[in-house]
Amino acid sequence: MTEQLRLMAVHAHPDDESSKGAATMAKYVSEGVDVLVVTCTGGERGSILNPKLQGDAYIEENIHEVRRKEMDEAREILGVKQEWLGFVDSGLPEGDPLPPLPEGCFALEDVDKAAGELVRKIRAFRPQAITTYDENGGYPHPDHIMTHKITMVAFDGAADTEKYPESEYGTAFQPQKLYYNQGFNRPRTVALHEALLARGLESPYGEWLERWKEFERAERTLTTYVPCADFFEIRDKALIAHATQIDPDGGWFRVPMDVQKEVWPTEEYELAKSLVDTSLPESDLFAGIRDNA
């Protein structure tokens with residue numbers, strides 16, 4: 001008998017799990033891996049981004065409940081388990097100068113205390129591998145940055161019985177690998193952009209690439225390329241389930257599926273921490289773990 005492989009994906013809001021690493025998760029579920037999504041907030045302050053649903057009074061008044069139902073549907077599509085961490089969405093501050101964050105929101109929580117809630121989840125689920133965001137949050141939303149902070153603390157804290165006593169947080173456990181989602185990377189964007197133009201098709205990535213130059217965004221180190229093209233349709237279906245956030249006719253879906261599968265059939269990660277030996281680049285989040293399981 002081999003030990004059950006378990007993957008935990010820590011995300012800020014409902015819909016993040018479907019836009020970042022969703023095909024990877026669906027692939028692992030198909031292989032019998034136990035996959036748990038931990039969602040830090042309820043997405044209560046997220047704007048209604050789908051123009052077809054903007055101005056809907058019921059949705060505006062019941063956004064928390066609506067987003068929970070969307071998460072339920074996406075979870076079923078992906079085949080994953082999902083749990084809430086219970087914090088309140090911070091919203092995305094806009095303006096110059098930026099307004100203060102709302103009192104009681106996730107981004108203003110004490111990092112060690114908030115990480116303790118994630119430690120409980122890690123100790124209960126016992127994942128060998130965890131995915132989350134890099135120190136920039138993938139993009140600088142305060143909840144994404146906070147998600148990074150608490151995951152970094154919880155990765156080590158799950159094994160630290162002095163900081164997080166077993167009597168309160170459960171039996172200690174040490175995850176083996178921690179990854180940053182890096183699916184929105186420049187090499188992928190350039191490859192798809194050029195492939196579309198070469199086929200005489202319109203590319204939605206021209207403005208993205210111009211903004212990349214503008215911000216002089218540093219390139220991340222891509223260490224892990226998970227082949228998961230067979231699950232791109234499931235990824236898109238899960239994303240569309242988050243109807244308040246995603247316009248099914250919008251830019252997310254403008255690249256033909258056959259082009260995506262041919263040109264860039266993987267999802268990418270950056271290995272941030274590893275307590276097992278592995279050779280880079282990898283094609284498996286459990287590289288170095290499977291042999292010991």
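A residue counts as buried here when its relative accessible area is under 20%. Keep that cut-off in mind as we walk through this structure, which is a predicted model.

Let us try the cut-off on helix H10, which covers residues 232-241. Its buried residues are Phe232, Arg235, Asp236, Ala238, Leu239 and Ala241. In general, an α-helix has 3.6 residues a turn, so residues three or four places apart point the same way. What do the buried residues of H10 pack against? Their partners are H1, helix H2 (22-30), H4, helix H11 (257-263) and S7.

One of those partners, helix H4 (residues 63-78), deserves a closer look. The axes of H4 and H10 come within 8 Å and cross at roughly 170 degrees. Because angles over 145 degrees count as roughly antiparallel, H4 is described as roughly antiparallel to H10. On the H4 side, the contact is made by Glu70, Glu73, Ala74, Ile77 and Leu78, and on the H10 side by Ile234, Lys237, Ala238 and Ala241. Sorted by character, the residues of this contact include six nonpolar and three charged ones, with no polar ones. Ala238 and Ala241 appear in this contact and also belong to the buried residues of H10.

Now turn to the sheet. Strands of a sheet pair through backbone hydrogen bonds, either parallel or antiparallel. Here seven strands form an open sheet with mixed pairing, and their order is S3-S2-S1-S4-S5-S7-S6. At the edges are strand S3 (81-87) and strand S6 (224-227), each of which pairs on one side only. On average, neighbouring strands of this sheet are turned by 30 degrees against each other, direction ignored.

For an example of parallel pairing, find strand S1 (residues 6-11) and strand S2 (residues 34-41), which are joined by six bridges. Within this pair, methionine 8 has leucine 36 of S2 as its bridge partner. Helix H6 (residues 142-157) packs on the sheet, where it touches S1, S2, S3, strand S4 (129-132), strand S5 (177-181) and strand S7 (266-274). The direction of H6 makes about 170 degrees with that of S5.

For the antiparallel sense, look at S6 and S7, which pair over four bridges. Tyrosine 225 has glutamate 268 of S7 as its bridge partner. Which residues of S6 point to the buried side? Side chains alternate along this strand: Thr224 and Val226 point to one face and are buried, whereas Tyr225 and Pro227 point to the other and are not.

Next comes a group of residues picked out by a database record. An unreviewed UniProt entry places the feature "binding site" at His13, Asp16 and His144. These residues are spread over 132 residues of sequence, yet they cluster in space, with a largest C-alpha distance of 9.6 Å.

Histidine 13 sits in the loop between S1 and helix H1 (16-19). With a relative accessible area of 6%, histidine 13 is under the 20% cut-off and therefore buried. Leaving aside neighbours within four places in sequence, its contacts are Thr39, Thr41, Gly43, Arg67, Asp89, His141, Asp143 and His144. Histidine 144, for its part, belongs to helix H6 and is buried, with a relative accessible area of 0%. Not counting residues up to four places away in sequence, histidine 144 touches Ala12, His13, Asp16, Lys20, Tyr133, Gly137 and Tyr139. Two of the names on that list, His13 and Asp16, are also in the UniProt annotation.

A few backbone details round off the tour. Aspartate 15, also in the loop between S1 and H1, has a positive phi of about 110 degrees although it is not a glycine. Aspartate 15 is buried, with a relative accessible area of 12%. Arginine 126, in the loop between helix H5 (111-125) and S4, likewise has a positive phi, of about 60 degrees, without being a glycine. Arginine 126 is partly exposed, at a relative accessible area of 31%. In the segment after S7 you will find proline 281, and the peptide bond leading to it from leucine 280 is cis, with omega near -5 degrees.

Finally, visit leucine 98 in the loop between S3 and H5. Is leucine 98 buried or exposed? Its relative accessible area is 58%, and so it counts as exposed. The C-alpha atoms of leucine 98 and leucine 5 are separated by 43 Å, with their positions 93 residues apart along the chain.

Definitions and conventions: Residues are numbered from 1 along each chain as its sequence is written. This is a predicted model: local features need pLDDT of at least 70, side-chain atom pairs count only at pLDDT 80 or more; totals for chains, interfaces and linings use all residues. Side-chain values use heavy atoms; hydrogens and water are left out. Two strands pair if DSSP finds at least two bridges between them. Helices (H or I, at least four residues) and strands (E, at least two) are DSSP runs, numbered from the N terminus. Axes are lines fitted to C-alpha atoms, for helices over the stretch in contact, and angles run from 0 to 180 degrees between N-to-C directions. Contact means heavy atoms within 4.5 Å. Angles under 35 degrees count as roughly parallel, over 145 as roughly antiparallel, 65 to 115 as roughly perpendicular and the rest as oblique. Ala, Val, Leu, Ile, Met, Phe, Trp, Tyr, Cys and Pro count as nonpolar, Asp, Glu, Lys and Arg as charged, and the others, Gly among them, as polar. UniProt positions are given in the numbering used here, feature names are shortened, and annotations may be inferred rather than shown by experiment. Buried means under 20% relative accessible area, exposed over 50%, partly exposed in between (1.4 Å probe, protein chains only).
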